[in-house]
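This report is for a reader who meets this structure for the first time. It goes from the overall layout to single residues.

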Amino acid sequence: MPARSDIFTTSPAENRLRYMRGYLCGAMDRVVDGGEAWRVALQRDLAKLGVFWLDPTQKPIDIGIEDPEMRVKVGALKRQDQFAEASIPIKVIRAVDLRMVDHSDFLVANLDLEVHACGTYEELFLANRQKKPVIIHIEQGKQNVPNWLLGTFPHEMFFSTWGEVREYLKHIAYSPTVKHLNRWMFFHPPFKFDPESVANFWLKVKKTPGCWLWNGRQFPNGYGNFRCRGKQHLAHRVAYELVTGYIDPRLHVLHQCDNPQCVNPSHLFAGSQKNNIHDMFSKGRQGARIQSGESNSNAKLTLKDVKAIRSNTTDSHAVLGRKYDMSAVQIGHIRRGKSR
Ligand SMILES: [Zn+2]
């Protein structure tokens, strides 16, 4: 088995923990302050990380609220042997808290070995089964970690002080490399084009009063080729997406100006394959640009499709049209196309 410390990750673009959800796990019902103080302090001290904290003392939902009044009520019901009644609010609290554990990307737990904490342990073991990173602060110090926990979690995840917890989380967020990966997984942020790539993109654009010309690499068919994170993108499609925020992946981005080098968003519009073919033929450039679909990974018709349509001498236009979701007339155009 390879040592965990052999695993490294690449540098964070900004901070690896931004937008991650962290659950703040720890006793609430047998501690003087309801378990609020450490949660408040940690959120304040790590505010810059941009973590979305899931805090059971400040539930982001209006059910399963655990407050002193509720605890007094449940205590009274238990003393009166009314266990069914007493269990009702607790079942909701448990469900909400465990759901927050489900939703979280990682946990920070506070463990006071002198406080009985059934819920804390259930949450810890649930997160452990989910293979989440679980950072455990032990009030009595790491030296006193319960043996069972030592056999359950990676030992690097136990800490004696909150200062160490904060330093560890900052290390995870910002260090160029992360040693002791311990279950952390860093997926690309939800943005296809990160700020650095966006800046690089616009550096390659020369704006004229009309068209904005792409000065970077080009695909063989004349369309701009923007490389980002090892992938190639149609430059005009990127420009359109950066301005509109979203393109239906089934749609093409088409030029009103008929200039493939142009990335001026106001010269672009989104349309279907049908529009594309129509647009192409209405502009009389079917021979030259029929393969444009190939460079767009989302295109319905790839170069391979075009070749297949052209080499197919048995099926009718209509049969192929149904197969490729096009009209028989469009298939005819493709079959008669001159390129390749
Ligand atoms: Zn243009």
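The text below covers the chain as a whole, then a sheet, the cores, and some separate details.

## The chain as a whole

The model described here is predicted. The chain holds 14 helices and 11 strands. It has 340 residues, of which 27% count as buried. If contacts are taken between residues at least 6 apart in sequence, 62% of them join residues at least 24 apart.

## The five-stranded sheet

Five strands make up an open sheet with parallel pairing, and their order is 2-1-3-4-5. The edges are held by strand 2 (52–54) and strand 5; each has a single partner strand, so one side of each lacks a neighbour in the sheet. In general, the strands of a sheet pair through backbone hydrogen bonds, in either a parallel or an antiparallel way.

The table lists the pairs of strands, with the number of bridges and one pair of facing residues for each.

| Strand pair | Bridges | Facing residues |
|---|---|---|
| Strand 1 and strand 2 | three bridges | Arg21 and Phe52 |
| Strand 1 and strand 3 | five bridges | Cys25 and Ala109 |
| Strand 3 and strand 4 | five bridges | Leu107 and Val134 |
| Strand 4 and strand 5 | two bridges | His137 and Phe159 |

Ala109 also stands opposite Ile136 in strand 4. Ala109 is thus named twice in the pairing: as the bridge partner of Cys25, and as the residue facing Ile136.

Two β-α-β units can be followed along the chain. One consists of strand 1, helix 1 (residues 36–45) and strand 2, and it is right-handed. Strand 3, helix 4 and strand 4 form another right-handed unit.

Helices also pack against the sheet. Helix 3 touches strand 1, strand 2 and strand 3, and its direction makes about 140° with that of strand 1. Helix 6 lies across strand 3, strand 4 and strand 5, and runs at about 160° to strand 4.

How far are the strands covered? In strand 1, five of the six residues are buried, and the strand is mostly covered. In strand 4, five of the five residues are buried, so this strand is largely enclosed by the rest of the structure. The burial of strand 4 applies to both faces: Val134, Ile136 and Ile138 lie on one side, Ile135 and His137 on the other, and all are buried.

## The nonpolar cores

Which residues of the largest nonpolar core touch the most other members? Among its 33 residues, they are Leu107, Val108, Ala109, Val134, Ile135 and Ile136. At least two residues of this core come from each of strand 1 (21–26), helix 3 (83–103), strand 3 (106–111), helix 4 (118–129), strand 4 (134–138), strand 5 (158–159) and helix 6 (162–174). Strand 3 contributes the most, with five residues.

Ile136 serves as an example of the contacts made here. With neighbours within four places in sequence left aside, Ile136 is in contact with Ala109, Leu111, Phe153, Met157, Phe158 and Phe159. A second core, separate from this one, has 15 residues, including Val238, Val253, Leu254 and Cys262.

## Helix 2

Helix 2 spans residues 68–79 and has 12 residues. At 1.5 Å a residue, a span of 16 Å is expected, and the end C-alpha atoms are 17 Å apart, which agrees. Is helix 2 covered or hardly covered? It is hardly covered, with a count of one buried residue among its 12. Just after helix 2 comes Asp81, which has a positive phi of about 65°.

## Gly210

Where is Gly210 placed? Gly210 sits in the loop between strand 6 (205–207) and strand 7 (212–214). A residue counts as exposed if 12 or fewer other C-beta atoms lie within 10 Å of its own. Gly210 has 12 other C-beta atoms within 10 Å, and so it is exposed. Along the chain, Gly210 and Asn264 are 54 residues apart, while their C-alpha atoms are separated by 8.1 Å.

Methods. Residues numbered from 1 in each chain as written. Predicted model: local features only at pLDDT ≥ 70, side-chain atom pairs only at ≥ 80, totals over all residues. Core = buried A, V, L, I, M, F, W, Y, C linked by C-beta atoms within 7 Å. Buried ≥ 20, exposed ≤ 12 C-beta atoms within 10 Å, placed from the backbone. Helix = DSSP H or I, 4+ residues; strand = E, 2+ residues; numbered from the N terminus. Contact = placed C-beta atoms within 7 Å. Pairing = 2+ DSSP bridges. Axes fitted to C-alpha atoms, helices over the stretch in contact; angles between N-to-C directions. Expected span 1.5 Å × (residues − 1). Right-handed = clockwise from strand over helix to strand, strands pointing away.
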